[in-house]
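Let's take a walk through this structure together, going from sheets to loops to empty space. Please keep the model open beside you as you read.

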Amino acid sequence: MAITGVMRPGHVMLNVLDIDESVKHYCENMGLIETDRDKQGRVYLKCWDEHDWFSVVLQKNDSPGMDHMAFKVDTQESLLRLEANLKEFGCNVERVAAGELNHCGERVRFDSPTGHTFEIYVEKDVYGNGLPTTNPAPWPEGLKGMQAVRFDHCLLYGDDLDGSVKLFTEALEFDVAEQVVDGELQIAAFLSCSHKAHDIAFIRHEEKNKIHHASFMLNTWENVLRAADIISMKDIPLDIGPTRHGLTRGQTIYFFDPSGNRNEVFCEDSYRYPDSPVLTWTPDHLGQAIFYHSRELNDRFLNVVT
Amino acid sequence: MNKKYTVLVTDNNESFACYANENLLKGMTRLGHKGIPVGCRNGGCGVCKVQIKSGEYEAKIMSREHVSVAEESEGIALACRVFPKSDIELSVLGKMKQKDFFASIS
């Protein structure tokens, strides 16, 4: 499958209450690597098996949450085509100069019906994944904590779910891979621009511009169980897991960063192609969709957002 | 020395012990007490919002979306960020929302 257009989630910028505590959490606990700090005090982090300079930016703010999520696009031609689509869709679109974020090229920034801010870009400096590109070992030495492999996706909460799903499918060429539907009403949509079960997901919620979680991939279920050990060893607030989701089949665990932003680490055993069927879950199976084993809904997991 | 204080939740009249070096929410959950909703436990989500009615305490940084500067000066805080310096009496302001996914079926 040739990926054209949006290739993958490129980075997420998170608002945090305390930079030092947050850097400690993302690096020591989760295994992200600090790759830069800028004059504004923003900290740039990457997961070990990513080549680009950063996939997470931490920014000090009065309240936590997501500043924006950016997607990497394959070529300048695709960027221009998608930018035109976004303008036609009716988004407020602006260009952010190359270098506004260190090591990142020009970004096309746009709003969305659910109130979230997104960006698309083509260029980002290469940092490397700690291994040579000729005859590489399978992993680098010196990784810490959960050893998160890559920034995988965000699940976002917002009111105009239909609008943002339309934005991502029509303007940005994503597909709906999996969904929760209650009669005629789509409650949740999991969208993919790749082989993955989802690259972004939305759940219907009365507030605009909320983030449920930022998610990072691990390679195996054993790695997820090891992350559960680290969560207890380091006294990190646990949300749910380790368990499996019915929806996406993800084997997962959720916890909170030092500002209350929810993190997920997970591994997946599903894949899809553009011709894969859409999978649907109904409200009477929601317990199983989220918690495949216990099948019980959890108020904190469903409602706590930043 | 790690002093131990008593925290009283006036809403359900439940009281629990809380050490000086732990936050009120931690003290509550340590032995399974209830009364204050438990959310992110790191000052960001707002569900553990309380009104301190009496007692001395120190509050760590918390999300301004949920506790404004004015509220903080009135003794309003997120329980997960409050460390007691004396016995504390509080009432609960925050709540855990309930998502009703079955609205259309019922």
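Helices (H or I, at least four residues) and strands (E, at least two) are DSSP runs, numbered from the N terminus. With that in hand, a good place to begin is chain B, where Gln51(B) lies in strand β3, residues 49-54. This is a predicted model, in which local features need pLDDT of at least 70 and side-chain atom pairs count only at pLDDT 80 or more, while totals for chains, interfaces and linings use all residues. Residues are numbered from 1 along each chain as its sequence is written, chains are lettered from A and ligands numbered from 1 in the order in which they are written, and side-chain values use heavy atoms, with hydrogens and water left out.

What does the side chain of Gln51(B) reach? It reaches the backbone oxygen of Glu74(B) at 2.8 Å. Setting aside neighbours within four places in sequence, the contacts of Gln51(B) (heavy atoms within 4.5 Å) include Glu74(B), Gly75(B), Glu89(B) and Leu93(B).

Now turn to the sheets of chain A, where two strands pair if DSSP finds at least two bridges between them. Strands of a sheet pair through backbone hydrogen bonds, either parallel or antiparallel. Eight strands of chain A form an open sheet of mixed pairing, in the order β2-β3-β4-β1-β5-β8-β7-β6. At its edges are β2 (33-37) and β6 (93-96) of chain A, each pairing on one side only, and the twist averages 25° from one strand to the next. Look at β2(A) and β3(A) (43-46), which pair in the antiparallel sense over four bridges; here Ile33(A) stands opposite Lys46(A).

Nine strands of chain A make up another open, mixed sheet, ordered β14-β15-β16-β13-β9-β12-β11-β10-β17. Its edge strands, β14 (243-244) and β17 (279-281) of chain A, each have a single partner, so one side of each is left without a neighbour in the sheet. Within this sheet, β9(A) (150-158) and β12(A) (200-204) pair in the parallel sense over four bridges, and Tyr157(A) stands opposite Ile203(A) in β12(A). Helix α4(A) lies across β14, β15 and β16 of chain A, at about 20° to β15(A) (axes are lines fitted to C-alpha atoms, for helices over the stretch in contact, and angles run from 0 to 180 degrees between N-to-C directions).

Two loops of chain A deserve a look. Pro242(A) lies between α4 and β14 of chain A, and the peptide bond to it from Gly241(A) is cis, with omega near 0°. Glu173(A), in the loop between α3 (161-171) and β10 (175-182) of chain A, has a positive phi near 65° although it is not a glycine.

Finally, the empty space. On a 1 Å grid over the protein atoms alone, a cavity is a set of points where a 1.4 Å probe fits but cannot get out, and a pocket is an open set with protein on both sides within 12 Å along at least five of seven lines; lining residues have an atom within 4 Å of a point. Grid points are joined across faces, edges and corners, and a volume is the space filled by probe spheres set on the points.

The search finds one cavity of 30 Å³ or more, holding about 270 Å³. Among its 25 lining residues, Leu155(A), Phe190(A), Ile203(A), Leu247(A) and Ile290(A) lie nearest the centre, so to speak of Ile203(A) again is to return to the residue opposite Tyr157(A). The largest pocket holds about 750 Å³, and its 28 lining residues include Asn42(B) and Lys234(A), both among those nearest its centre. Helix α1(A) gives the most to this lining, with five residues.

Terms used. A polar contact is a pair of N or O atoms within 3.5 Å; within protein, one must be able to donate a hydrogen and the other to accept it, and residues adjacent in sequence count only if both atoms are side-chain atoms.
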